[in-house]
Amino acid sequence: MDARDEFLEIFYDNVDREGADKFLEWLEKSDFFTAPASTRRHNSFKGGLCAHSVNVYKRFVKLIEGQFGENWQEKVSPESVAIMGLLHDICKVDTYVEDVKNVKIDGVWTQKPYYKVEDNLPYGHGEKSVYILSAFMKLSREEALAINWHMGEYDLRVKGGSYSVAEVYYRYPVAFLLHVADLMATYLDEKVDSEQ
Ligand SMILES: [Fe+2]
Ligand SMILES: [Fe+2]
């Protein structure tokens, strides 16, 4: 099964929230299923963003089960887990564009395609995902905070001096686990294009 089918299967099996159908319509029209997950780090290939989202979801489910046990659904709903895992990086939709650059391969200048950032909605990262999702469906407090702060210590607001992420992680362990799932998918499950 390719990442797109897997994404849609997880979504349809778990998400039944008001507005989810309109959100999927929007998603299909966006570049979500063809976009990369990054320009030169993890999953920087066509379809990389969707594949990353599925990877994070799978890591997230395992971490939640490890933390809360086999009855984890009593602590956090499968719908919530799917929304947080699959949609945390929806901020990356319509953000990467393909271009070509000249590189020297074996002494010969050659044109190589690459992705560059062209963000038409520069709203931030996690906060942008929450903003986009909130236009379609109502997020719970836990979902909104987890998605908003999924970058953890790498978030630019944290680098600027904000302590909110620690407050959120103490109060919402699920939010911390989403950050860990994102890291595990990125560094353990996904490849980096070392040629770039
Ligand atoms: Fe992210
Ligand atoms: Fe991510």
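In what pattern do α and β elements follow one another along the sequence of the protein chain? In this predicted model, the order is α-α-α-α-β-β-α-α-α-α-α. The protein chain thus contains nine helices and two strands. Its 196 residues would give a radius of gyration near 16 Å if they formed a compact globule, and the value for the protein chain, 17 Å, agrees with this. Along the principal axes, the C-alpha atoms occupy a box of roughly 60 × 40 × 30 Å. Buried residues account for 36% of the 196 residues. Of the contacts between residues at least 6 apart in sequence, 66% link residues that are at least 24 apart.

Helix H4 (residues 78–87) is largely enclosed by the rest of the structure, because eight of its 10 residues are buried. These buried residues are Ser80, Val81, Ala82, Ile83, Met84, Gly85, Leu86 and Leu87. The elements that cover them include H1, H3 (48–68), H5 (126–134), H6 (141–148) and H9 (173–189).

One of these covering helices, H1 (residues 3–14), was examined in its packing against H4. The axes of H1 and H4 approach within 9 Å and cross at roughly 150°, and the crossing is left-handed. On the H1 side the contact involves Phe7, Ile10, Phe11 and Asn14, while H4 contributes Pro78, Glu79, Ala82 and Leu86. By class, the contact of H1 with H4 comprises six nonpolar residues, one polar residue and one charged residue. Two of the H4 residues in this contact, Ala82 and Leu86, also appear among the buried residues of that helix.

A further helix pair is formed by H6 and H9, both of which also take part in covering the buried residues of H4. The axes of H6 and H9 come within 9 Å and cross at roughly 35°, in a right-handed crossing. Glu142, Leu145 and Ala146 of H6 meet Val174, Ala175 and Leu178 of H9. The contact of H6 with H9 is made up of five nonpolar residues and one charged residue, with no polar residue.

The β part of the model consists of strands S1 (residues 96–105) and S2 (residues 108–117), which run antiparallel and are joined by 10 bridges. Tyrosine 96 stands opposite valine 117 of S2, and isoleucine 105 has valine 108 as its bridge partner. Strand S1 lies largely in the open, because the number of buried residues among its 10 is one. The number buried among the 10 residues of S2 is likewise one, so S2 also lies largely in the open.

Lysine 101 is one of the residues of S1. With 11 C-beta neighbours inside 10 Å, lysine 101 counts as exposed, because the limit for that class is 12 or fewer. Residues up to four places away in sequence aside, lysine 101 touches Lys112 and Tyr114. Lysine 101 is separated from tryptophan 72 by 29 residues in sequence and by 48 Å in space, C-alpha to C-alpha.

Two residues other than glycine with a positive phi were considered, asparagine 43 and aspartate 106. Aspartate 106 is located in the loop between S1 and S2. In this hairpin, which has two residues between the strands, aspartate 106 adopts a positive phi near 50°. Aspartate 106 has 5 C-beta neighbours inside 10 Å and therefore counts as exposed.

Asparagine 43 has a positive phi near 45° and belongs to the loop between helix H2 (20–29) and H3. Asparagine 43 has 25 C-beta neighbours inside 10 Å and therefore counts as buried, the threshold being 20 or more. The two positive-phi residues accordingly fall into opposite classes, with asparagine 43 buried and aspartate 106 exposed.

Key:
Residues numbered from 1 in each chain as written. Chains lettered and ligands numbered in written order. Predicted model: local features only at pLDDT ≥ 70, side-chain atom pairs only at ≥ 80, totals over all residues. Axes fitted to C-alpha atoms, helices over the stretch in contact; angles between N-to-C directions. Helix = DSSP H or I, 4+ residues; strand = E, 2+ residues; numbered from the N terminus. Left-handed = near helix turned anticlockwise from the far one by under 90°. Contact = placed C-beta atoms within 7 Å. Nonpolar A, V, L, I, M, F, W, Y, C, P; charged D, E, K, R; others polar. Rg over C-alpha atoms; globule rule 2.2 N^0.38 Å. Pairing = 2+ DSSP bridges.
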